[in-house]
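Me: I'd like to go through this one slowly with you, if that's okay. Could you walk me through it while I look?

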Amino acid sequence: MKQILLIGPQGIGKSIAANRIAIALGCTSVVHEWDGVKELPCNVLAISNYDLFIKGHGSNPNLNMPALMVDTPQALQTLTEALEHQATRNQ
């Protein structure tokens, strides 16, 4: 079971990059605007912005999944490219 969280501020392009990141990580679906509370399916990339996540999950979350945190569009682009490059190398 794979569940991965992508979290960052609103408006940096998380939703736009979501499918590319999900494919690179081997996730089969994307859940947008996850509040940190709702049940997630298997093999999912969950996306949240800081405010929504903190409101739903608290400021000190105890996650049972890896979390990728980005704070700028440039950081998100770098992360996306690095994950795609790693996925290509692993094929």
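Me: Let me jump straight in with E33: is it buried or exposed?
Reply: In this predicted model, E33 is exposed, with a relative accessible area of 61%, and E33 lies in the loop between β2 and β3.

Me: What's the phi of E33 like?
Reply: E33 has a positive phi of about 55 degrees, although E33 is not a glycine. As background, most residues other than glycine have a negative phi.

Me: Which other residue, not a glycine, has a positive phi near 55 degrees?
Reply: N43 has a phi near 55 degrees, a positive value in a residue other than glycine, and N43 also has its place in the loop between β2 and β3. With 28% relative accessibility, N43 counts as partly exposed.

Me: And C42, where is that?
Reply: C42 is found in the loop between β2 and β3, and C42 is partly exposed at a relative accessible area of 43%. The C-alpha atoms of C42 and C27 are separated by 8.4 Å, while the two residues are 15 residues apart along the chain.

Me: Okay, switching to the sheet. In what order do the strands come?
Reply: Four strands form an open sheet, and their order is β2-β3-β1-β4, with parallel pairing. The edges are taken by β2 (29–31) and β4 (67–69), each of which has a single partner strand, so one side of each is left without a neighbour in the sheet.

Me: How many degrees are neighbouring strands turned against each other?
Reply: On average, neighbouring strands of this sheet are turned by 20 degrees against each other, with direction ignored.

Me: How many bridges join β1 and β4?
Reply: Strand β1, which covers residues 3–8, pairs with β4 in the parallel sense over three bridges, and I7 stands opposite M69 in β4.

Me: What about N49, which strand is that in?
Reply: N49 lies in strand β3. N49 is buried, since its relative accessible area is 16% and the cut-off for buried is under 20%. Not counting residues up to four places away in sequence, N49 touches I7, G8, P9, Q10 and K14.

Me: Now the helix. Which strands does α1 lie across?
Reply: Helix α1 (residues 14–25) lies across β1, β2, β3 (44–49) and β4, and α1 runs at about 155 degrees to β3.

Me: Which residues of α1 are buried?
Reply: In α1, the buried residues are K14, A17, A18, I21, A22, A24 and L25. Seen down the axis of α1, these buried residues fall within an arc of 155 degrees, so they line one face of the helix. On the other side of α1, I16, N19 and I23 are exposed.

Me: And what do the buried ones pack against?
Reply: The buried residues of α1 pack against β1, β2, β3, β4 and α3.

Me: What comes just after α1?
Reply: Just after α1 there is G26, which takes a positive phi of about 80 degrees.

Me: Let's talk about the core. Which residues touch the most other members there?
Reply: The largest nonpolar core has 17 residues, and those that touch the most other members are L6, I21, L25, L45 and L76. The elements giving two or more residues to this core are β1, α1, β3 and α3 (73–90), and the largest share, six residues, comes from α1.

Me: What does L6 touch?
Reply: Leaving out residues up to four places away in sequence, L6 touches K14, I21, L45, A46, I47, S48, L68, V70, L76 and L79. There is also a second, separate core of eight residues, which includes L5, L40, A46 and M65.

Me: Last topic, charges. How many salt bridges does the structure hold?
Reply: The structure holds one salt bridge, in which the side chains of E84 and R20 meet at 2.7 Å, N to O. Because E84 lies in helix α3 and R20 in helix α1, the pair ties together parts that are 64 residues apart in sequence.

Me: And how exposed are E84 and R20?
Reply: E84 counts as partly exposed at 26% relative accessibility, and R20 is partly exposed with a relative accessible area of 35%.

Technical notes:
Residues are numbered from 1 along each chain as its sequence is written. This is a predicted model: local features need pLDDT of at least 70, side-chain atom pairs count only at pLDDT 80 or more; totals for chains, interfaces and linings use all residues. Side-chain values use heavy atoms; hydrogens and water are left out. Two strands pair if DSSP finds at least two bridges between them. Axes are lines fitted to C-alpha atoms, for helices over the stretch in contact, and angles run from 0 to 180 degrees between N-to-C directions. Contact means heavy atoms within 4.5 Å. A nonpolar core is a set of buried Ala, Val, Leu, Ile, Met, Phe, Trp, Tyr and Cys residues joined through side-chain atoms within 4.5 Å. Buried means under 20% relative accessible area, exposed over 50%, partly exposed in between (1.4 Å probe, protein chains only). A salt bridge is a side-chain nitrogen of Lys or Arg within 4 Å of a carboxyl oxygen of Asp or Glu. The arc is that of the directions from the helix axis to the C-beta atoms.
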